Amino acid sequence: MATTTVTVTETRPEPMTADTILRLFPDIDTSSEALSGHDEEQIRLMDEVCIVLDDNDMPVGKASKKLCHLMSNIDKGLLHRAFSVFLFNDKNELLLQQRASEKITFPDMWTNTCCSHPLAVSGETGSNLPDAIEGAKRAAQRKLEHELGIKKEQVPIEKFRFLTRIHYKAPSDGKWGEHEIDYILFIKTNVDLKPNPNEVQATQYVNADKLKKLFEDPLLKFTPWFKLICNSMLFEWWASLDSGLDKYTNEQEIRRML
């Protein structure tokens with residue numbers, strides 16, 4: 001049976017070894033059987049290395065995207081860092097995407113502009129909040145180009161605004177799911193789109209009223225994190241996009257939505 005190696009970085013003052021994450025998660029599932037039958041490109045992306053966290057958003061190591069998204073490991077407490085981008089045009093319309101059918105987690109669902117993960121690579125990590133925010137913004141630039149073909153020049157780092165972090169857990173199906181501390185990033189800019197069909201099957205811009213109507217359509221499915229954000233603070237933030245958003249930015253506490 002093929003296995004996946006779990007490695008750990010020294011992100012805390014005390015030395016850490018490869019045994020650390022195995023001590024935290026002694027029964028972690030490292031088999032590759034769960035990927036059988038999925039799209040080859042999406043399987044390849046499952047080898048990307050996510051940042052494994054404790055409940056306070058402190059990095060404790062790193063593990064593959066596959067390991068972090070297996071419900072069997074999530075149920076053992078495996079938690080990783082993520083980001084969610086909400087991109088608005090000059091009409092204050094929000095760009096939505098429908099995830100491709102090839103996606104292993106949450107296929108075919110509508111969601112906010114871009115949802116992914118900072119990786120355990122130089123420039124995207126961070127063990128304090130300012131560094132972690134910068135890492136999430138760099139990751140957002142990378143994934144906006146990968147998923148939607150948006151050039152980095154159209155989404156400069158300084159235009160991203162960090163609002164808060166949400167900690168949530170959600171199953172995708174019986175095998176896959178999410179357990180993340182998710183960095184919420186707003187950006188207002190006009191962009192050119194060239195969606196990657198292996199990632200995104202459709203896009204649309206919506207105003208707040210249109211989004212509320214879409215939620216009423218029983219034929220449409222939305223990702224759980226997007227619904228959590230919409231049902232809590234999104235419309236209040238959205239109404240303050242041009243005036244008053246500052247009072248919602250740089251929140252220090254993690255919002256627990258478990």
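## Arg161 and its partner

Arg161 comes out as partly exposed, with a relative accessible area of 28%. This is a predicted model, so every number here is computed from predicted coordinates. The side chain of Arg161 meets that of Asp246 in a salt bridge, at 2.1 Å from N to O. It's a link between distant parts of the chain: Arg161 is in strand β7, while Asp246 is in the loop between α7 (224-239) and β10 (254-256), 85 residues apart. Asp246 falls in the exposed class, at 56% relative accessible area.

Why does Arg161 count as partly exposed and Asp246 as exposed? The cut-offs settle that: exposed means over 50% and buried means under 20%, with partly exposed in between. Arg161 has 28%, so it lands in the middle class, whereas Asp246 has 56% and therefore goes in the exposed one.

## More salt bridges

In total, the count of salt bridges comes to 10. Another one that ties distant parts of the chain together joins Arg165 and Asp57, with 2.9 Å from N to O. Here Arg165 belongs to strand β7 (residues 161-171) and Asp57 to the loop between β1 (49-53) and β2 (59-64), with the two positions 108 residues apart. What about burial: are Arg165 and Asp57 buried or exposed? Both Arg165 and Asp57 are buried. There's a network here too: salt bridges with shared partners join Asp57, Arg81 and Arg165.

For a pair within one element, look at Arg44 and Glu41, whose side chains meet in a salt bridge at 2.7 Å, N to O. The two sit three residues apart in helix α2 (residues 40-45), so about one helical turn separates them. Arg44 is partly exposed at 48% relative accessibility, and Glu41 is partly exposed at 28%.

## Two cavities

How many cavities of 30 Å³ or more does the structure hold? There are two. The largest cavity has about 150 Å³ of space. Its lining is made up of 19 residues, with Arg99, Cys115, Ser116, His117 and Glu178 nearest the centre. If you want to trace that lining through the fold, the elements giving two or more residues to it are α3 (65-69), β3 (80-88), β6 (114-116), α5 (129-148) and β8 (177-188). By class, the lining splits into nine charged, five polar and five nonpolar residues.

The second largest cavity has about 40 Å³ of space. Its lining consists of Gln42, Leu45, Met46, Lys65, Arg99, Lys103, Ile104 and Thr105. Sorted by class, that's three charged, three nonpolar and two polar residues. Arg99 deserves a second look: it's among the residues nearest the centre of the largest cavity, and it also lines the second largest one.

## Aromatic rings

A search of the whole structure turns up 12 aromatic pairs. One of them is Phe215 with Phe226, a tilted pair with 5.9 Å centre to centre and 40 degrees between the planes. The two rings come from distant parts of the chain, with Phe215 in helix α6 (residues 208-215) and Phe226 in helix α7, 11 residues apart. Phe215 is partly exposed at 27% relative accessibility, whereas Phe226 is buried, with a relative accessible area of 0%.

Phe226 also pairs with Phe222, at 6.2 Å centre to centre and 40 degrees between the planes. Why is that pair called tilted? Planes under 30 degrees apart would be stacked and those over 60 edge-to-face, so the rest are tilted, and 40 degrees is the angle for Phe222 and Phe226. Phe222 is buried, with a relative accessible area of 6%.

Which residues make up the aromatic cluster? Phe86, Phe88, Phe186, Phe215, Phe222, Phe226, Phe235, Trp237 and Trp238 form one cluster.

## The annotated span

UniProt, in an unreviewed entry, lists residues 78-228 as "domain: Nudix hydrolase". In this model, the end C-alpha atoms of that span lie 20 Å apart. The span is 33% strand and 22% helix.

Key
Residues numbered from 1 in each chain as written. Predicted model: local features only at pLDDT ≥ 70, side-chain atom pairs only at ≥ 80, totals over all residues. Heavy atoms only, no water. 1 Å grid on protein atoms, 1.4 Å probe; cavity = no way out; pocket = protein on both sides within 12 Å on 5 of 7 lines; lining within 4 Å. Points joined across faces, edges and corners; volume = space filled by probe spheres on them. Helix = DSSP H or I, 4+ residues; strand = E, 2+ residues; numbered from the N terminus. Nonpolar A, V, L, I, M, F, W, Y, C, P; charged D, E, K, R; others polar. Salt bridge = Lys/Arg side-chain N within 4 Å of Asp/Glu carboxyl O. Buried < 20%, exposed > 50% of the residue type's maximum accessible area, 1.4 Å probe, protein only. UniProt positions renumbered as here; feature names shortened; annotations may be inferred. Phe/Tyr/Trp six-rings, centres within 6.5 Å; stacked < 30°, edge-to-face > 60°.
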